[in-house]
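The following exercises are to be worked through with the sequence and the coordinates at hand. Each task is followed by a solution in steps.

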Amino acid sequence: MGQEQFATYCGTTKDTVRGWVQTGTLPSVKIGRQRLVNLSLLQDELKAGKEFFESGHYTDS
């Protein structure tokens with residue numbers, strides 16, 4: 001999902017989402033020139049019980 005679309009979905013700003021992606025707090029994947037939020041990984045981890053997302057956890061994903 002695009003970062004701007006994810007921000008709208010979560011009720012936050014695109015700058016906040018961009019910061020989460022840049023710091024590795026939120027899982028992402030680069031496709032071409034775009035870096036997208038990796039919803040599949042995010043959903044899997046939430047289903048597995050993950051409650052806290054920390055800076056640096058998702059680097060080069």
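**Exercise 1. Classify K50 by its accessibility, then describe its surroundings.**

Step 1. K50 has a relative accessible area of 22% and is therefore partly exposed; buried means under 20%, exposed over 50%, and partly exposed in between, with a 1.4 Å probe and protein chains only.

Step 2. The model is a predicted one, in which local features need pLDDT of at least 70, side-chain atom pairs count only at pLDDT 80 or more, and totals for chains, interfaces and linings use all residues. Residues are numbered from 1 along each chain as its sequence is written, and side-chain values use heavy atoms, with hydrogens and water left out.

Step 3. K50 belongs to the segment after α3; helices (H or I, at least four residues) and strands (E, at least two) are DSSP runs, numbered from the N terminus.

Step 4. Neighbours within four places in sequence aside, K50 is in contact with E45, H57 and Y58, where contact means heavy atoms within 4.5 Å.

Step 5. The side chain of K50 also reaches the backbone oxygen of F52, at 3.3 Å. This can be set against the cut-off for a polar contact: a pair of N or O atoms within 3.5 Å; within protein, one must be able to donate a hydrogen and the other to accept it, and residues adjacent in sequence count only if both atoms are side-chain atoms.

Step 6. Finally, K50 lies over the face of F53, 5.0 Å from the ring centre. A charge sits over a ring if NZ of Lys or CZ of Arg is within 6 Å of the ring centre and within 35 degrees of the ring normal.

**Exercise 2. Which residues form an aromatic pair, and how are their planes arranged?**

Step 1. A search of the whole structure yields one aromatic pair. It consists of F53 and Y58, with 6.3 Å from centre to centre and 25° between the planes, and it is stacked.

Step 2. The criterion is that rings of Phe, Tyr and Trp (its six-membered ring) pair if their centres lie within 6.5 Å; planes under 30 degrees apart count as stacked, over 60 as edge-to-face and the rest as tilted.

Step 3. F53 is partly exposed because its relative accessibility is 26%, whereas Y58, at 7%, is buried.

Step 4. Two further residues may be examined here. F52 lies in the segment after α3 and is exposed, at 62% relative accessible area. E54 is found in the segment after α3, is exposed at 55%, and touches G24 and T25 when residues up to four places away in sequence are not counted.

**Exercise 3. Describe the pairing of β1 and β2 and the place of S28.**

Step 1. Strand β1 covers residues 28–31 and includes S28. Four bridges join β1 to strand β2 (residues 34–37), and the two run antiparallel; strands pair if DSSP finds at least two bridges between them.

Step 2. Across the pair, I31 has Q34 as its bridge partner, and K30 stands opposite R35.

Step 3. β1 and β2 form a hairpin with two residues between them, and G32 in the turn has a positive phi of about 65°.

Step 4. S28 is buried because its relative accessible area is 3%. Its side chain makes a polar contact with the side chain of R35, at 3.1 Å.

**Exercise 4. Which residues make up the largest nonpolar core?**

Step 1. The core has seven residues: F6, A7, V17, V21, L26, V37 and L42. α1 (3–10) and α2 (14–22) are the elements that give two or more residues to this core.

Step 2. A nonpolar core is a set of buried Ala, Val, Leu, Ile, Met, Phe, Trp, Tyr and Cys residues joined through side-chain atoms within 4.5 Å.

Step 3. Residues up to four places away in sequence aside, V17 touches Q3, F6, A7, T12, L26 and V37.

Step 4. Q3, in helix α1, is buried because its relative accessible area is 16%. With the same sequence neighbours left aside, Q3 is in contact with V17, R18, V21, R35 and V37.

**Exercise 5. What caps the N-terminal end of helix α3?**

Step 1. Helix α3 covers residues 39–47, and N38 caps its N-terminal end: a side-chain oxygen lies 3.3 Å from the backbone nitrogen of S40.

Step 2. Just after α3, G49 takes a positive phi of about 105°.
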